[in-house]
Amino acid sequence: MPEAEALQGPQTLIGIIGTGSMGAGIAQVAALAGHAVRLFDAQPGAVQAALQRIGNELAHGVQRGRLEPAQRAAVLDRLQPVDSIAGIEGCGLVIEAVAERLEVKQALFRQLEQLLPAHTVLATNTSSISVTAVAQGLQHRGRVVGWHFFNPATRMRLVEVVRGLDTDHAVADAISQLSRAWGKTPVDAPNTPGFIVNRVARPYYGESLRLLAEQLAPAPVIDRLLREAGGFPMGPFELIDLVGVDINLAVSESIFAATQFDTRYAPHLLQQELVRAGRLGRKSGRGFYDYQLDAATPLAAPVEPAPLLPALRASAQPGLLGPLVERLRAGGLVVVADGSLPAESLAIDEVTVALTDGRTATQRGEGQPLLLLDLARDFASTRVLGATASAGHHDRLPTLAVALRPAGIELLALDDVAGLGVMRVAACLVNEAADLCTWTGTLPADIDIAMVLGAGHPQGPMAWGELLGAPRVIKVLEHLQAHYGDSRYRRSPRLWRMVAPHS
Ligand code: NAD
């Protein structure tokens, strides 16, 4: 059994194999925490290039006053290049960040097993391969653990600690403790496709791509909606363009394959087409957006408000729309409380305005004019809302826009697509997280931490679930499944328990 407790403290000598983007970042973090670090890469010159990058980054830290020059020198002193894998001998912990290919990682770990005593901990930074598979065939599998850093490893606080079937609990615990000592926040992630972050983030991309394909709105409008009404730091398409359309597609494809081709994770044709056309995002100058110098600025223009303010009424039970009603009143509008209106709705010149429940406005309106609002993460502060209208009534949106204007809210026109944007994405995120808990026992709190720190979400899916309430999430998903007949919207068995406080 590995001496996991030996990992504590900077006296542990760390080995890094593979010194590309991730390996170099992890080496820097370890050396900053006081460890001596040996670095090996199969590619000649790769270690020197990594040391150069680390040196530059630390110099930047000195310039910004985050580091003393003497500290920089001490950190660089602790980084020891080795030119053969045998140089890794004597390390108490070896972290691999080599190519993301199972056979490469397995071969490396077999080599390490020959070189290192049985108590040396072997960590893999794989982002998608089963830790059990990496350890397959080794004699001492208990010491193999997944330690998934995020890019850039120096700045991202989250690490996912992943136990394979044979991983010793003490080893995983020691890695979690070491993560904290290195200033990271560890979460226990299941050894299932995508671990936590890459798995729970799937609906953000998958639903957005479907919404784009169904013409909810053009990409810049969907991006603006999710950013400004949803509170996400980047819209899905600008994010995919930043990460790389091909990289994001590769993650989708790997999770799709690893889930036995569960159609919920099916990669979208739109994205495959972009990759086929070489539109890989920012790095190729074109993806969902055009980044060439002469490209037009993408437009996400709001609805032009009507000239006249309408008469407004609000349900006596405004629910999630309560803060919006307050804002309308604070903006100087007279909003009459009307007990005859259904809960969570308004009336604008006799036209009902309700929050989407996953049905289209046309279906829900049953022949009457109906406007549907998309969800906002915070109706008390959002400066943008999305809305749609039942068939033939899109000309009512300017009247809604003029009513929202005094409250400082711009209206984005959406097509009548079931569930709209923020609501649909949020409900699917909650469901995905609930499923991860259901089938892997992952702790809800770990999922929220992971999605906030690892994906930059404004709040974790459990917090979205508490905002929306379980019955609403279930209802939205039921409506989506009925509308599309698609099992991707099947409700997670744990949904009810997951969104209850203290579950
Ligand atoms: P990279 O291509 O930048 O670096 C990989 C390095 O490993 C290269 O320098 C290569 O020469 C070296 N290498 C390959 N095979 C080797 C071997 N057998 N022995 C020694 N060195 C070898 O890749 P990266 O982006 O740093 O990713 C490395 C690992 O980290 C992968 O498993 C990847 O999935 C994972 N990861 C990547 C990210 C990311 O955003 N880039 C995030 C988290 C995890």
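# Pockets, ligand and cavities in a predicted model

User: Which helix gives the most to the lining of the largest pocket?
Analyst: In this predicted model, the elements that each supply at least two residues of that lining include helix 1, helix 7 (197-200), helix 8, helix 10 (236-243) and helix 17 (444-455), along with strand 6. One further element gives the most, five residues, and that is helix 11.

User: Which residues that line the largest pocket are the closest to its centre?
Analyst: The largest pocket holds about 1200 Å³ of space. It is lined by 36 residues, and the closest to the centre are N151, N198, V243, I247 and V251.

User: How many nonpolar, polar and charged residues does the lining of the largest pocket have?
Analyst: Among the elements with at least two residues in this lining are helix 10 and helix 11 (245-258). By class, the lining has three charged, twelve polar and, for the nonpolar class, 21 residues.

User: Where does the ligand sit, and which elements give two or more residues to the shell around it?
Analyst: The ligand is placed in the largest pocket. Two or more residues of its shell come from each of helix 1 (21-32), helix 4 (102-115) and strand 6 (144-149).

User: Which residues that surround the ligand are the closest?
Analyst: The ligand is surrounded by 21 residues. These divide into nine nonpolar, nine polar and three charged. The closest of them are M22, D41, E100, K105 and S127.

User: How far from an oxygen atom of the ligand is a polar side-chain atom of N125?
Analyst: S21 places a polar backbone atom 3.1 Å from a ligand oxygen, and N151 has a side-chain N or O atom 3.3 Å from an oxygen of the ligand. For the side chain of N125, the distance to a ligand oxygen is 3.0 Å.

User: What share of the accessible area that the ligand has on its own does the protein cover?
Analyst: N125 and N151 face ligand oxygen atoms through polar side-chain atoms. The ligand on its own has 830 Å² of accessible area, and the share covered by the protein is 71%.

User: Which residue does a cis peptide bond join to N151?
Analyst: Most peptide bonds are trans. The bond after N151 has an omega of about 0° and is cis. The partner lies in the loop between strand 6 and strand 7 (158-163), and this partner is P152.

User: Where does F195 lie?
Analyst: Most residues other than glycine have a negative phi. Phi of F195 is near 50°, a positive value. The residue belongs to the loop between strand 8 (185-189) and helix 7.

User: Which helix gives the most to the lining of the largest cavity?
Analyst: The whole structure has two cavities of 30 Å³ or more, and the largest has a volume of about 200 Å³. Its lining has 18 residues, with R202, P203, G206, R264 and R488 closest to the centre. Helix 8 (202-213) and helix 16 (422-440) each give two or more residues. The most, six residues, come from helix 8.

User: What volume does the second largest cavity have?
Analyst: The second largest cavity is lined by V131, T132, A135, R141, G164, L165, D166 and T167. This lining divides into three nonpolar, three polar and two charged residues. The volume of the second largest cavity is about 30 Å³.

Definitions and conventions. Residues numbered from 1 in each chain as written. Predicted model: local features only at pLDDT ≥ 70, side-chain atom pairs only at ≥ 80, totals over all residues. Heavy atoms only, no water. Near = heavy atom within 4 Å. Polar contact = N/O pair within 3.5 Å; in protein donor to acceptor, adjacent residues only side chain to side chain. Areas by Shrake-Rupley, 256 points an atom, 1.4 Å probe, with all protein chains shown as cover. 1 Å grid on protein atoms, 1.4 Å probe; cavity = no way out; pocket = protein on both sides within 12 Å on 5 of 7 lines; lining within 4 Å. Sits in = over half its atoms within 2 Å of the grid points. Helix = DSSP H or I, 4+ residues; strand = E, 2+ residues; numbered from the N terminus. Nonpolar A, V, L, I, M, F, W, Y, C, P; charged D, E, K, R; others polar. Points joined across faces, edges and corners; volume = space filled by probe spheres on them.
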